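Here is a short briefing on one protein chain. Please keep the sequence and the structure in view while reading.

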Amino acid sequence: MTTPLANLLAYSVQFAVLAAAAAVITQCVRLRAPLPTLRFWQAILALSILLPIAQIAVTPATPSSTLQLFSVVTSSATSAVSDSFDVARWTLYLLISGAAMRVLWLAIGLLRLRAITRRAEPAPALEPMLGELSTAIGGTSTIAFSDDLQTPATVGVRRPLIIVPRRLLDLPEAVQRAVIAHELIHVRRRDWMHTVAEECWCALLWFHPAAA
């Protein structure tokens, strides 16, 4: 097996074990509060990203037992395959192609979202409420109406924008305040940056159930 594919398979197994252990931990400690749960899984994601870096730093001169195991298993499984068809190489091509398609799909989504933000119209009726809640919650943002979205959304990091459907004005003031407050919490926590980073990582690991 080619070294890149062997490394990827070894990492996939480690990632699966890490995700399974994290799921067991959340059940054992009964982790239910939204913010601690979010931070916990973000830490798990960061740890999964750092795994390959840590392995490179401590890679021994000889192949690891995990890589040796994958090499033996793959060699046995593909011994009957014709030499004209390199299973490992085409598997690697498939994984790369899938990741490229997912990244392209994500890029298309971001471009569509950019077009929506450009078409969004100012929402002066909600500005006083936004200013009041910004002072209480923290986070600075602008707000706009869009007929392209059915649910509120917050985009951007340096100049965050809260986009809400126009029908929000038809709802009671308490609901309006709750919606805007919820989006301001996303602004304060910079959730947009985290969301994009997570989507990019999941696009690269599109084949792994734990990344879904």
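The points below cover the sheet, the nonpolar cores and one helix pair.

This is a predicted model. Four strands make an open, mixed sheet. The largest nonpolar core has 15 residues, and helix 6 gives the largest share of that core.

**Sheet**
- The strand order is 1-2-4-3.
- Strand 1 (121–122) and strand 3 (153–155) are the edges; each has a single partner strand, so one side of each has no neighbour in the sheet.
- Strand 3 pairs with strand 4 (residues 161–164) in the antiparallel sense, over three bridges.
- Thr154 has Ile162 of strand 4 as its bridge partner.

**Nonpolar cores**
- In the largest core, Leu126, Ile143, Ile162, Val164 and Ile180 touch the most other members.
- At least two residues of this core come from each of helix 5 (127–137), strand 2 (142–145), strand 4 and helix 6 (173–189).
- Helix 6 contributes five residues.
- Leaving aside residues up to four places away in sequence, Ile180 touches Leu126, Met129, Leu130, Leu133, Ile143 and Ile162.
- A second core, separate from this one, has eight residues, including Ile116, Leu149, Val155 and Ile163.

**Helix pair**
- Helix 1 (residues 3–28) packs with helix 4 (residues 87–119) at an angle of about 60 degrees, and their axes are 9 Å apart.
- The two helices, helix 1 and helix 4, are therefore oblique to each other.
- Their crossing is left-handed.
- Pro4, Leu5 and Leu8 of helix 1 make the contact with Ala88, Thr91, Leu92 and Leu95 of helix 4.

Key. Residues numbered from 1 in each chain as written. Predicted model: local features only at pLDDT ≥ 70, side-chain atom pairs only at ≥ 80, totals over all residues. Heavy atoms only, no water. Pairing = 2+ DSSP bridges. Core = buried A, V, L, I, M, F, W, Y, C linked by side-chain atoms within 4.5 Å. Buried < 20%, exposed > 50% of the residue type's maximum accessible area, 1.4 Å probe, protein only. Contact = heavy atoms within 4.5 Å. Axes fitted to C-alpha atoms, helices over the stretch in contact; angles between N-to-C directions. Parallel < 35°, antiparallel > 145°, perpendicular 65-115°, else oblique. Left-handed = near helix turned anticlockwise from the far one by under 90°.
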